[in-house]
Amino acid sequence: MQFKLTKVFIAIAAVAVASASAIVAKRDDTATCTLVLTPSASVDPSTDLVAEFNFVIGRALSGETGSSIEQLGSSFTQNADGTYTVVDTISADGLTAAQTASDIEGWVGQTETGIAANWLVNSVTCA
């Protein structure tokens, strides 16, 4: 019985290591992009802008690539001129980080749909 139990624990440990490796590999395909966005209308100060930017960027990337996405989160700064600088880390299934970055960098000049407002993409740089 102890021999079988040892095999079970080894098998569980192997699965845990393999799963952790797969997660690390997935995160290696993430792109981190900095976007400067202008809202189409004034944004209510009570709006959860992190959720708004996650929605806008995730929806746009998923729509253009036809892939499911993994979004590791957004952060933002409101600029004095009314624009927002948003930093987002994201990946799309089946795409490399470079392909994801290239897709997002192509949004410059486009208006992406949001919930609180639509957002003009003024500039994008990705790493």
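## Helix H2

At 1.5 Å a residue, the 17 residues of H2 should span 24 Å, and the end C-alpha atoms of H2 are indeed 24 Å apart, which agrees. The expected span of a helix is taken as 1.5 Å times one less than its number of residues. Helices (H or I, at least four residues) and strands (E, at least two) are DSSP runs, numbered from the N terminus.

This is a predicted model, in which local features need pLDDT of at least 70 and side-chain atom pairs count only at pLDDT 80 or more, while totals for chains, interfaces and linings use all residues. Residues are numbered from 1 along each chain as its sequence is written, and side-chain values use heavy atoms, with hydrogens and water left out.

At the N-terminal end of H2, Asp48 acts as a cap: a side-chain oxygen lies 3.3 Å from the backbone nitrogen of Val50. Just after H2, Gly66 takes a positive phi of about 70°. The buried residues of H2 are Leu49, Glu52, Phe53, Val56, Ile57, Gly58, Ala60 and Leu61; buried means under 20% relative accessible area, exposed over 50%, and partly exposed in between (1.4 Å probe, protein chains only). An α-helix has 3.6 residues a turn, so residues three or four places apart point the same way.

## The chain as a whole

The protein chain holds three helices and five strands. From the N terminus on, its elements run α-β-α-β-β-α-β-β. Of the 127 residues in the chain, 28% are buried.

## The sheet

The five strands form an open sheet in the order E2-E3-E1-E5-E4, with antiparallel pairing. Two strands pair if DSSP finds at least two bridges between them. E2 and E4 are the edge strands, each pairing on one side only.

Strand E1 is joined to E3 by seven bridges and to E5 by seven bridges. In E3, Ile90 is the bridge partner of Ala31, and Tyr84 is the bridge partner of Leu37. In E5, Trp119 is the bridge partner of Pro39.

In a regular strand the side chains alternate between the two faces of the sheet. E1 shows this alternation: Ala31, Cys33, Leu35, Leu37 and Pro39 point to one face and are buried, whereas Thr32, Thr34, Val36 and Thr38 point to the other and are not.

## Helix against sheet, and the core

H2 lies across E1, E2, E3, E4 and E5, running at about 135° to E2. This angle is taken between N-to-C directions, from 0 to 180 degrees, with axes as lines fitted to C-alpha atoms, for helices over the stretch in contact. Contact means heavy atoms within 4.5 Å.

The largest nonpolar core has 22 residues, and those touching the most other members are Leu35, Leu37, Phe53, Tyr84, Ile104, Trp107 and Trp119. Strand E1 (31-39), helix H2 (49-65), E3, helix H3 (97-105) and strand E5 (119-126) each give two or more residues to this core, and H2 gives the most, with six. A nonpolar core is a set of buried Ala, Val, Leu, Ile, Met, Phe, Trp, Tyr and Cys residues joined through side-chain atoms within 4.5 Å.

## Thr83

Thr83 is in the loop between strand E2 (69-78) and strand E3 (84-92). Thr83 is buried, with a relative accessible area of 9%. Leaving aside neighbours within four places in sequence, Thr83 is in contact with Val36, Leu37, Thr38, Thr77, Gln78 and Asn122.

How values were computed: Polar contact = N/O pair within 3.5 Å; in protein donor to acceptor, adjacent residues only side chain to side chain.
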